[in-house]
Structure formats: C-alpha cells, structure tokens
Amino acid sequence: MSSVSDQSSPAAGRPSGASYAAAGVDIEAGDRAVELMKEWVRKTQRPEVLGGLGGFAGLFDASALKRYERPLLASATDGVGTKVDLARQLGVYDSIGHDLVAMVMDDIVVCGAEPLFMTDYICVGKVHPERVAAIVKGIAEGCVLAGCALVGGETAEHPGLLGPDDFDVAGAGTGVVEADRLLGADRIRSGDAVIAMAASGLHSNGYSLVRHVLFERASLSLDQHIEEFGRSLGEELLEPTKIYSLDCLALTRTTEVHAFSHITGGGLAANLARVIPDGLHAIVDRGTWTPAPVFDLVGRTGEVERLELEKTLNMGVGMIAVVPEESADAALATLGDRGVDAWIAGEITERGEHTTGAALIGDYAS
C-alpha cells in the first residue's frame, strides 16, 4: 500500500490521479451534515418508525394501518420554487423547510388523510454541513407541526451544475385516510359554507412574479425596511408557509367537513374549483377579508392587474374548508381554539348558465 501511495503522490514527481474530491464532491462534509441533522430528525419520530437515520430506506410499520377498515394511502411531492434563492441571499436556511413540509403535507390533508411520513431531497453545489443541517432542522420542525415523521432523505452535491452556495429542496410524503371518510367534490352540497383560513404571507408560490416586480422592476433590496410590514422586505418574503395539517384534521374530528382546498399556484378560485362538483358553484366574497400589505405592494409596484395577482398569489387565504351550513359555527370555534384566523368567506350554490366552478365577487375589505 505504501508504494502505491508514493507513486500517486505529487511529492514523488507524478501528477495526482483524479478523485471524487477533486471533481468537487466532499464525502466527509456530507457525513458531517448527516451527523448534525440526526438530532432534528429524531424529534419527528412516530412510534411506527423503525430504525434510525442512515439506512438505505426509511421504514414505517404498516401494521399500524390494521385499525382501518379500508385504508387509502395518499401521496404528494413538491418543492418551494424560487423562494430558495431568497433564503440563499439572506443566509437563512432553517425556515425554508417549513415551506417544504407545508407544500407537501397540506396537499395530502386535503382529502382528509393523516400525514404519516416524509422524505426530503436537498441538492447543493457544495455541501456546507451547517447549512444542510439548518435546512433539515426546518424540515423536521415542519414535520412536527404536521404530525408526520421524517424517515429519510438525500443530500446530493452537484458541483459544476450549481454554484457553491446554490441549493434546491424537494420532498415527498405519505398519509392515510379511511375510505369512507375520504373528502372531496362528491360530498359538497348546495348551501355549504366556504370557510377561509388566513395565510401567513405569500407562502411558496408566485415568487418568480414577486422577484421580477420587487427586484428587477422596482430595484428594492432584501434588507430594506418596509413601513407597512414593520420589518425588512427579506423577513417578510421569507415568512414560512403556514402548515394547516393538524388544524384540518381537528376539524374532521369535531364537525362535519365535506372538502378542503389548499390554495397554492393558480390562486384561490382555481384551486377551489378543483373540489367543486359539476352542477355546483362556489362564490367567495372578497369583502370578507383584507389581504396583507405584501400583496398590495406587489400589485401596486408592478402595476399587476388584479386577475393576474389572484391567479398567481393566495391573496391572504391559504386553506379553504367546505362544511355544511349548520356546521360553520362549530368549525370556526374549533379553528379559533387552535389559533387559526378563519371566517365564512362564501357559499356553495347551484351552478348558473354562465358560471364556472368558483368565482370571487366584490372588492377586498380595506
């Protein structure tokens, strides 16, 4: 072994051979990142999770599903889009994980499914162990808020394709719902109440428009203090996406729920229309709430037409619950007890000749 080492050594007068490290991949840094993240992953564990971090696959004891008569598995996958670039510029890495969990698990809960477990994929130009651990810390904290376990993931180093400080995140999750408790369009009836749950901010959609308007057109800076926000622009834009999973599940336990709609890309009307059955129509009154100042800033600064704003951003509503009219008060009470800002924003009606699946009416409250 020593002779081979000597022959490959630059000190021996010979050029060093190619290596993974020379190509830009630091395995030792990856190992350190795994060690740093273990503490946070442990905080997400559920009793059904077997083994620890470091295996080739995450294990979840499916015998826990025996209590279901007919368990349906629900799955979803997503990322957080160009919001990651703002996190990179600000050097804030832990909040982006909340966004990832919200985008995945709040899709899963829409059908009434309980989130079970999640995996993540973190792609970086260069592994900075503390940064990767901070991202996973945020994902783990998000999983706790969603009630699911983080059972594994992958950190991939892509030198040459991404810059040393560039990264992206994605995730996939699984949940379960009893077949006869599956929520959706077939449960909705005329007269149902449309309950809106407030968004925490922009959430994780529309940042290509936001970045174009605020930085390219208006030349604002992330550290610029915005009076309407009471904080810097960067702090406002990095506000984590609210995770509604446990709030939605609490609603299903305390009152009758017919459907949920996660308001993401496409805006309120388009996402609500996805759960409205043929023959019915959802009418949402803009006058029942006031969007946060950040939506006005984007619209006013970029001279963005209202229709364009509404089909790109959530405009202050992150989740919708459709419940029987007689259950509306109980639903609002449950959400209020959980600290969720919610209100009756509209109703389900018979579909008119020229209507679509969902429509916004009136002007926003001032």
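Two strands are taken to pair if DSSP finds at least two bridges between them. On this basis, β3 and β6 are paired in the antiparallel sense over nine bridges, and within this pair L73 stands opposite V176 in β6. The structure is a predicted model, and the description below proceeds from the overall fold to its two sheets, a buried aspartate and an internal cavity.

The protein contains twelve helices and 14 strands. Of its 366 residues, 49% count as buried. Among contacts with a separation of 6 or more, 84% are made by residues 24 or more positions apart. The accessible surface amounts to about 17200 Å², and carbon and sulfur atoms account for 51% of this area.

The β3-β6 pair belongs to an open sheet of four strands in the order β3-β6-β4-β5, with mixed pairing. Strands β3 (71-79) and β5 (149-157) are at the edges; each has a single partner strand, so one side of each is left without a neighbour in the sheet. From one strand to the next, the twist averages 15 degrees. Strand β6 (residues 167-178) has nine of its twelve residues buried and is therefore largely enclosed by the rest of the structure; the cut-off for a buried residue is under 20% relative accessible area. Besides its pairing with β3, β6 pairs with β4 in the antiparallel sense over ten bridges. M118 is found opposite G173 in β6. The mixed character of the sheet is seen at β4 (residues 114-124), which pairs with β5 in the parallel sense over eight bridges. Here Y121 stands opposite E154 in β5.

A further open sheet is made of six strands in the order β10-β12-β7-β13-β11-β14, and its pairing is also mixed. Its edges are formed by β10 (259-262) and β14 (358-361), each with a single partner strand, so that one side of each is left without a neighbour in the sheet. Neighbouring strands in this sheet are turned against each other by 25 degrees on average, direction ignored. Inside the sheet, β7 (residues 193-198) and β12 (residues 317-323) pair in the antiparallel sense over six bridges, and V194 stands opposite V322 in β12. Helix α12 (residues 328-337) lies across β7, β12 and β13 (342-350). The helix runs at about 10 degrees to β7.

In helix α4 (residues 96-108) lies D99. This residue counts as buried because its relative accessibility is 0%, against a cut-off of under 20%. When residues up to four places away in sequence are not counted, D99 touches V80, K83, H203, S204, E239, P240 and T241.

A search of the whole structure returned one cavity of 30 Å³ or more. The largest cavity holds about 70 Å³ of space. Its lining consists of Y93, V124, K126, H128, R131, V132, I135, P164, D165, D166 and F167. Helix α5 (residues 129-146) supplies the largest share of this lining, with three residues. The lining also includes V124 and F167, of which V124 falls within the residue range of β4 (residues 114-124) and F167 within that of β6 (residues 167-178).

Technical notes:
Residues numbered from 1 in each chain as written. Predicted model: local features only at pLDDT ≥ 70, side-chain atom pairs only at ≥ 80, totals over all residues. Heavy atoms only, no water. Helix = DSSP H or I, 4+ residues; strand = E, 2+ residues; numbered from the N terminus. Buried < 20%, exposed > 50% of the residue type's maximum accessible area, 1.4 Å probe, protein only. Contact = heavy atoms within 4.5 Å. Areas by Shrake-Rupley, 256 points an atom, 1.4 Å probe, with all protein chains shown as cover. Axes fitted to C-alpha atoms, helices over the stretch in contact; angles between N-to-C directions. 1 Å grid on protein atoms, 1.4 Å probe; cavity = no way out; pocket = protein on both sides within 12 Å on 5 of 7 lines; lining within 4 Å. Points joined across faces, edges and corners; volume = space filled by probe spheres on them.
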